[in-house]
Amino acid sequence: MLKGRDLASFRKQLLDWFYQFRRDLPWRRTKDPYRIWISEIMLQQTRVAAVIPYYERFLARFPDMRALAEAPEEEVLRYWSGLGYYSRARNLQKAAQLIVAHHAGEFPREATDVLALPGIGNYTAAAILSIAFGAKRAVLDGNVARVLARLGAIRGDLRESRRWRALQETAGKLLVPETPGDWNQAMMELGAMVCMPRAPQCLLCPVAKFCRARISGDPESFPEKRKNREVVQIVLAAAVFFTPRGETLFLPPPRKTQHKPADDDVATLVSRMWHFPTVAIRKNAYTELESFLAHLLPSRKGTLPLEPLKRVRHAVTYRNVTVLPFRITVAKIPRVRGARSIRLEDFSMLAVSNLTRKIAKAALSPSSAAASKPPKR
Ligand code: SF4
């Protein structure tokens, strides 16, 4: 742990570098906690470049807490559509509603109040409170933990609770009390731009002289890699109805259930959003989709011709999903309670997951039917 002059020099080197080289990002031009909060939630598990257009569109539509709290959930999801991890958007709106109800629409300043909001953990609370209000709270996420592990040449699983607590303590001691928001952003920027997981740029690093992992000669070996969960292969079949007018059928967002969903739970895989009629396949895509459709549309049993389209691949955390979409040409979209019939090319009017988006694009692709290799009957 750095002390005295070394600590002062470390802080100065990193802050000077940050002020000179920081990226000009939209959320860095504001101290508004609402905007900083939105950016922090969007940045969880999503790259900066992907977040920027979403951030701007989202704030143009929901410019303040009340606008977000009062909007229909479906609209919030629509503006989130494509960013993935939709529980973030649902929690964001629930938190906005709580802030309106209990804090008169003002983002709370007390950590206990912030941590009581859905979707906000220690990292996000520290980021918002330090950047927006100058609270002396150090951030610790995977990026910052990696930087700290390299600086101190720390081995072992960083997420192990005792080690994580020690890292949090170290992050707190390094924090510059006069400018905690800038300091936290400087640590994050270092992890994102210089001390990346692979091939850290030690020659460009402003704090290289303090780094024990660099001295070891193999900085990339810190921290030790965690064992990844075994990948699960999942196969789904989806029915893409088509009328001569280009309409298709979307089923409504499935309700949340109490029990823990299976790996191939369709409701989870479509992120509980609007979706094509879809079923998890165990053996045979044709017979299992036919039986699912017979259940959904008893009056059309056995009369729906399945024409295979190009398969779609999608990865969600430890799940590799293969979707076998089938075009079903009909004169008129059959009626299903709660479902909607819209033109396929207008699918983005509905809040849909990335998986559904990929199926829709595959179905719209002119080469889809021709390029498809039919699954086994
Ligand atoms: Fe990371 Fe290299 Fe800098 Fe150490 S010297 S903090 S390993 S970039």
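Biologist: Which residue stands opposite R319 in strand 6?

Modeller: That's V316. Bear in mind that this is a predicted model: local features need pLDDT of at least 70, side-chain atom pairs count only at pLDDT 80 or more, and totals for chains, interfaces and linings use all residues. Residues are numbered from 1 along each chain as its sequence is written, and side-chain values use heavy atoms, with hydrogens and water left out.

Biologist: What makes residues 319-329 a strand, and why number 6?

Modeller: A strand is a DSSP run of E with at least two residues (a helix is H or I, at least four), and both kinds are numbered from the N terminus. Strand 6 has 11 residues, so it meets that rule.

Biologist: Why is strand 6 called mostly covered?

Modeller: Eight of its 11 residues are buried, that is, under 20% relative accessible area with a 1.4 Å probe and protein chains only (exposed is over 50%, partly exposed in between).

Biologist: How do you know that strand 1 and strand 6 pair?

Modeller: Two strands pair if DSSP finds at least two bridges between them. Strand 1 (residues 232-242) and strand 6 share 11 bridges in the parallel sense, so they count as paired. One of the contacts puts A239 with F326 as its bridge partner in strand 6.

Biologist: And what makes strand 4 and strand 5 partners of strand 6?

Modeller: Same test. Strand 4 (residues 307-308) is joined to strand 6 by two bridges, antiparallel, which is just what the "at least two" rule asks for. There, E307 has R327 as its partner. Strand 5 (residues 312-316) runs antiparallel to strand 6 as well, with five bridges. In the hairpin of those two strands, with two residues between them, T317 takes a positive phi near 40°.

Biologist: Moving to empty space, why are there said to be two cavities?

Modeller: The count takes those of 30 Å³ or more. On a 1 Å grid over the protein atoms alone, a cavity is a set of points where a 1.4 Å probe fits but cannot get out; a pocket is an open set with protein on both sides within 12 Å along at least five of seven lines, and lining residues have an atom within 4 Å of a point. Points are joined across faces, edges and corners, and the volume is the space filled by probe spheres set on them. The largest cavity comes out at about 110 Å³ and the second largest at about 40 Å³, so both pass.

Biologist: How do you know that the ligand is in the largest cavity?

Modeller: The ligand sits there, and "sits" means more than half of a molecule's atoms lie within 2 Å of the grid points. The cavity has 15 lining residues, with R150, C195, C202, C205 and C211 nearest its centre. Helix 9 (residues 142-151) gives the most to that lining, three residues.

Biologist: What makes two residues of the shell around the ligand charged?

Modeller: The shell, with a heavy-atom cut-off of within 4 Å, includes R150 and R214. Asp, Glu, Lys and Arg count as charged; Ala, Val, Leu, Ile, Met, Phe, Trp, Tyr, Cys and Pro as nonpolar; the others, Gly among them, as polar. Both are Arg, so they are charged. The rest of the tally is eight nonpolar and no polar.

Biologist: Which classes line the second largest cavity?

Modeller: Nine nonpolar, one polar and no charged residues. Among them are W183, N184 and M187, and helix 11 gives the largest share, three residues.

Biologist: How many residues line the largest pocket?

Modeller: There are 40, with D141, G142, N143, R146 and R159 nearest the centre. The pocket holds about 1,500 Å³ of space, and its lining divides into 16 nonpolar, nine polar and 15 charged. Helix 9 gives the largest share, five residues. The second largest pocket has about 970 Å³, with Y85, Y86, S87, T268 and S271 closest to its centre out of 37 lining residues.

Biologist: Last one: why is T46 called buried?

Modeller: Its relative accessible area is 17%, under the cut-off, so the label holds. T46 is in the loop between helix 2 and helix 3, and its C-alpha is separated by 7.3 Å from that of L83, 37 residues apart along the chain.
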